[in-house]
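Look at the two chains shown here. The report below starts with chain A, then moves to the shared sheet, the core and the contact between chains.

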Amino acid sequence: MEQLKEFAQQRDITLPQLAVAWTLANPAVHVAIVGARRPGHLTETAAAADLTLSEPDLKEIDEILIDAVPVWGPHPEGM
Amino acid sequence: MRYARLGQTDLQVSAIAFGTWAFGGDWGTADLEEGQDAIEYALSLGINLFDTAQGYGFGLAEELLGRALRERADREDVIIATKGGLRMLHTPPQETAQALADLVAEGKIRHVGLSNYDADQMETFGRFGPVHTLQPPYHLFRREIENTRPSTATWPSWSS
């Protein structure tokens with residue numbers, strides 16, 4: 001997680017923005033669903049629709065993720 | 001905002017959809033107002049796709065979304081993706097697929113999407129009725145769907 005945070009910081013984006021941009025970078029993905037309880041939550045994540053991650057960026061993220069331990073937060077899948 | 005054609009539908013949707021799953025059942029008045037403000041704000045950002053379900057916040061999410069969108073002149077431009085929830089898991093796929101196909105024919109829903117199905121389940125379902133979208137769990141820490149890769153090649157032939 002720290003490494004991902006650093007990766008995002010280096011590109012002047014936040015971790016949530018990175019997460020959304022990464023999901024949308026997959027050509028099979030048309031839409032990323034972003035949860036929001038209050039308006040402020042969206043300011044950051046909505047802007048991620050216009051971010052582009054390069055091939056080397058995606059490769060670097062893959063390398064970071066290989067060592068990552070999944071972190072579970074509240075998620076809609078079990079609801 | 002960037003827009004894309006959603007799955008096998010003819011809908012142009014925002015690349016960012018608003019997920020209402022975080023709307024809680026224990027919300028007070030202030031939370032409700034903030035939730036409503038969040039929906040308004042999403043619309044102002046160009047978000048036109050809202051994801052909800054009967055089960056989110058024990059019905060609160062659907063209700064709040066309905067209330068926020070009802071009075072809007074541009075309601076027709078907003079797309080809502082909702083789910084019947086667990087009920088579907090306990091019903092044979094052919095019955096569910098047929099029931100949803102009927103709802104499309106009656107004009108009550110516009111398209112049929114599957115949520116949390118893998119490629120095999122999707123194919124089974126698709127033998128009995130239309131499937132236009134798939135909503136799998138997919139994010140940085142959940143990538144299994146990449147291995148099943150529901151490409152257009154595995155989409156059921158039924159698509160209207």
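## Chain A and its partner

In chain A, 62% of the contacts with a separation of 6 or more are between residues 24 or more positions apart. The model is predicted. Chain A has 79 residues, and 24% of them count as buried. Its secondary structure consists of 4 helices and 1 strand. Along the sequence these follow the pattern α-α-β-α-α.

**Helices H1 and H2 of chain A**

Two packed helices are described by the angle between their axes and the distance between the axes. The axes of H1(A), residues 2-10, and H2(A) come within 9 Å and cross at roughly 90°. An angle from 65 to 115 degrees counts as roughly perpendicular, and H1(A) and H2(A) are therefore roughly perpendicular to each other. From H1(A), the residues A:Leu4, A:Lys5, A:Phe7 and A:Ala8 take part. They meet A:Leu15, A:Gln17 and A:Leu18 of H2(A). By class, this contact has 5 nonpolar, 1 polar and 1 charged residues.

Which residues of H2(A) are buried? They are A:Leu18, A:Ala19, A:Val20, A:Ala21, A:Trp22 and A:Leu24. These buried residues pack against H1, E1, H3 and helix H4 (55-66) of chain A.

**A sheet built from both chains**

An open sheet of 4 strands has the order E1(A)-E3(B)-E4(B)-E5(B). The pairing is parallel. E1 of chain A and strand E5 (79-81) of chain B stand at the edges. Each has a single partner strand, so one side of each is left without a neighbour in the sheet. Neighbouring strands are turned by 30° against each other on average, direction ignored.

The link between the chains in this sheet is the pair E1(A) and E3(B), joined by 4 bridges. Within this pair, A:Ala32 has B:Ile16 as its bridge partner. A:Val34 has B:Phe18 as its bridge partner.

**The largest nonpolar core**

In soluble globular proteins, nonpolar side chains tend to be buried together. The largest nonpolar core here has 38 residues. Touching the most other members are A:Val31, A:Ala32, A:Val34, B:Ile16, B:Ala17 and B:Phe18. Several elements give two or more residues to this core. In chain A they are helix H2 (15-25), strand E1 (32-35) and helix H3 (40-47). In chain B they are strand E3 (16-19), helix H1 (29-44), strand E4 (49-51) and helix H2 (60-70). H2(A) gives the most, with 6 residues.

A:Val31 shows how the chains meet. Leaving aside its neighbours within four places in sequence, A:Val31 is in contact with B:Ala4, B:Leu6, B:Val13, B:Ala15, B:Ala17 and B:Leu49. Apart from the largest core lies another core, of 8 residues. Among them are B:Ala97, B:Val112, B:Leu114 and B:Val131.

**The contact between the chains**

How many residues does each chain bring to the contact? Chain B brings 35 residues and chain A brings 29 residues. On the side of chain B that touches chain A, strand E1 (3-5), E3, H1 and E4 of chain B each give two or more residues. H1(B) provides the largest share of that side, 6 residues. By class, that side divides into 23 nonpolar, 7 polar and 5 charged residues.

**Two residues with positive phi**

Most residues other than glycine have a negative phi, and most peptide bonds are trans. A:Asp12 has a positive phi and is a residue other than glycine. B:Asn116 likewise has a positive phi and is a residue other than glycine. The table gives the values and places.

| Residue | Phi | Loop | Other C-beta atoms within 10 Å |
|---|---|---|---|
| A:Asp12 | near 65° | between H1 and H2 of chain A | 7 |
| B:Asn116 | near 60° | between strand E6 (113-115) and helix H4 (119-126) of chain B | 15 |

Are these residues exposed or partly exposed? A residue is exposed if 12 or fewer other C-beta atoms lie within 10 Å, and buried if 20 or more do. A:Asp12 has 7, so A:Asp12 is exposed. B:Asn116 has 15, so B:Asn116 is partly exposed.

Definitions and conventions. Residues are numbered from 1 along each chain as its sequence is written. Chains are lettered from A and ligands numbered from 1 in the order in which they are written. This is a predicted model: local features need pLDDT of at least 70, side-chain atom pairs count only at pLDDT 80 or more; totals for chains, interfaces and linings use all residues. A nonpolar core is a set of buried Ala, Val, Leu, Ile, Met, Phe, Trp, Tyr and Cys residues joined through C-beta atoms within 7 Å. Two residues are in contact if their C-beta atoms, placed from the backbone, lie within 7 Å. Two strands pair if DSSP finds at least two bridges between them. Axes are lines fitted to C-alpha atoms, for helices over the stretch in contact, and angles run from 0 to 180 degrees between N-to-C directions. Angles under 35 degrees count as roughly parallel, over 145 as roughly antiparallel, 65 to 115 as roughly perpendicular and the rest as oblique. Ala, Val, Leu, Ile, Met, Phe, Trp, Tyr, Cys and Pro count as nonpolar, Asp, Glu, Lys and Arg as charged, and the others, Gly among them, as polar.
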